[in-house]
Amino acid sequence: MATYDKVRAKKSLGQHFLHDEGIARKITEGLLLDKTGNQVLEIGPGMGVLTKYLVEITNLQLKVIEIDRDSVAYLKRHFALLDGKIIEGDFLKEDLDSVFSGTFSIIGNFPYNISSQIFFRVLEQRNRVEQVVCMLQKEVADRIASRHGNKTYGILSVLLQTFYNIENLFKVPPGVFTPPPKVMSAVIRLVRNDRKQLGCDEKLFVTVVKTGFNQRRKTLRNALKNLTLSSDVAALPVMDKRAEQLSVEDFIQLTQVIEKSRAVQHGV
Ligand code: SAH
């Protein structure tokens, strides 16, 4: 590859290009191929360091989405195999129905500045996104995979763990990127679990989780005050706990109780 036509990294797009081929290959090997349904979307291919391994996998229907025009031009120059498979666009806004029909997996060395937003989009699309293998800042990876009882356990941990099994795969130091980010990175894998229904209103579930963590130092009794809970619910022992002490199951159960008590209040 000639160096003169390389893409100059743009900070605003979270561009840190990986230059360690061993790590690039290892990330792509993180994909569980039986979970891909053959369709894979790479977010932010940049100059294609992961893409070049993905295009070699047989039976894989790959598409890539890249927001940066210079990177798209680079990919077009260097990857004839990607002809017709490059979407120049924003993953957060793209109509994913027009990308793939049916289920697919996501892979990428994510732009770190929008990694949380990417996961909220994945949650929205969870019945289509079977698996995510991605690199992101280690701190966010730790939060996502964190279990209840830990300080790092938060909104994204609960919401993602509700629908995905999450594994830490490996850590990656800053020196393997150009330019090097200021933080450690990590590669994680999320695989859709079997949960289809929550047994409670999902909007209320999300509200309970978000409200509980918004004032994470307070007991749930205080943190959830604005949800105007009935006195029966407010008196429950679980209300003495803080949000970070509740497992996914606990949050689901709590939401079910709140929902029931509201139905009673409203005479439903
Ligand atoms: N995969 C490459 C590049 C990683 S840097 C590598 O490992 O070297 C993150 C990439 O995501 C950049 O190429 C950046 O242009 C792209 N990107 C940033 N925001 C994006 C968005 N909203 N949608 C799609 N791609 C995006």
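A salt bridge here is a side-chain nitrogen of Lys or Arg within 4 Å of a carboxyl oxygen of Asp or Glu. With that in hand, the structure holds 16 salt bridges. Please keep in mind, as you go through the views below, that this is a predicted model.

**Figure 1. The whole protein chain, with its 10 helices and 9 strands.** Here is a look at the whole chain before the close-ups. Along the principal axes, the C-alpha atoms fill a box of roughly 70 × 40 × 30 Å. Of the 268 residues in the protein chain, 49% are buried. If you consider contacts between residues at least 6 apart in sequence, 68% of them join residues at least 24 apart. The domain assignment divides the chain into domain 1 (7-192) and domain 2 (202-265), and the C-alpha centres of these two domains lie 33 Å apart.

**Figure 2. Where domain 1 meets domain 2.** On the domain 1 side, 13 residues are in contact with 15 residues of domain 2. Together the two domains bury about 1100 Å² between them, and 67% of that area is on carbon and sulfur atoms. How many salt bridges are counted between domain 1 and domain 2? The count is 1. Look for Arg 126 and Glu 202, whose side chains meet in a salt bridge with an N to O distance of 2.8 Å. Between the two domains there are also 5 residue pairs in polar contact, with both residues at pLDDT 80 or more. Sorted by class, the side of domain 1 that touches domain 2 has 5 nonpolar, 6 polar and 2 charged residues.

**Figure 3. Lys 52 and Glu 21, a salt bridge between distant parts of the chain.** The side chains of Lys 52 and Glu 21 come together at 2.9 Å, N to O. Lys 52 belongs to helix 2 (residues 51-54) and Glu 21 to helix 1 (residues 21-28), so you will find the partners 31 residues apart. Are these two residues buried, partly exposed or exposed? Lys 52 has a relative accessible area of 23%, so it counts as partly exposed. Glu 21 is partly exposed too, at 34% relative accessibility.

**Figure 4. Asp 142 and Lys 138, a salt bridge within helix 5.** In this pair, the closest N and O atoms are 2.7 Å apart. Why are the two residues separated by about one helical turn? Asp 142 and Lys 138 have that separation because they are 4 residues apart in helix 5 (residues 138-145). Asp 142 is partly exposed, with a relative accessible area of 28%. Lys 138 is partly exposed as well, at 23% relative accessibility.

**Figure 5. Arg 242 and Glu 244, a salt bridge with one partly exposed and one buried partner.** The closest N and O atoms of Arg 242 and Glu 244 are 3.2 Å apart. Arg 242 counts as partly exposed at 30% relative accessibility. Glu 244 has a relative accessibility of 12%, and because buried means under 20%, this residue counts as buried.

**Figure 6. Asp 68 and the salt-bridge network around it.** Salt bridges that share partners join Lys 10, Asp 68 and Asp 70 into one network. To find Asp 68, follow the loop between strand 3 (61-66) and helix 3 (69-78). Asp 68 is buried, with a relative accessible area of 4%. Not counting residues up to four places away in sequence, Asp 68 touches Val 7, Lys 10, Leu 13 and Gln 15.

**Figure 7. Helix 6 and what covers it.** Helix 6 (residues 155-163) is mostly covered, as 8 of its 9 residues are buried. Those buried residues are Leu 156, Ser 157, Val 158, Leu 159, Leu 160, Gln 161, Thr 162 and Phe 163. What covers them? The covering elements include helix 4 (115-124), helix 5, strand 7 (164-172), strand 9 (185-192), helix 7 (202-214) and helix 10 (248-265).

**Figure 8. A closer look at Ser 157 in helix 6.** Ser 157 is buried, with a relative accessible area of 1%. Its side chain reaches the backbone nitrogen of Gly 154 at 2.7 Å. Leaving aside neighbours within four places in sequence, Ser 157 is in contact with Arg 143, Ile 144, Ser 146 and Thr 152.

Terms used:
Residues numbered from 1 in each chain as written. Heavy atoms only, no water. Domains from an automatic or database assignment. Contact = heavy atoms within 4.5 Å. Buried area = accessible area lost by both parts, 1.4 Å probe. Polar contact = N/O pair within 3.5 Å; in protein donor to acceptor, adjacent residues only side chain to side chain. Nonpolar A, V, L, I, M, F, W, Y, C, P; charged D, E, K, R; others polar. Buried < 20%, exposed > 50% of the residue type's maximum accessible area, 1.4 Å probe, protein only.
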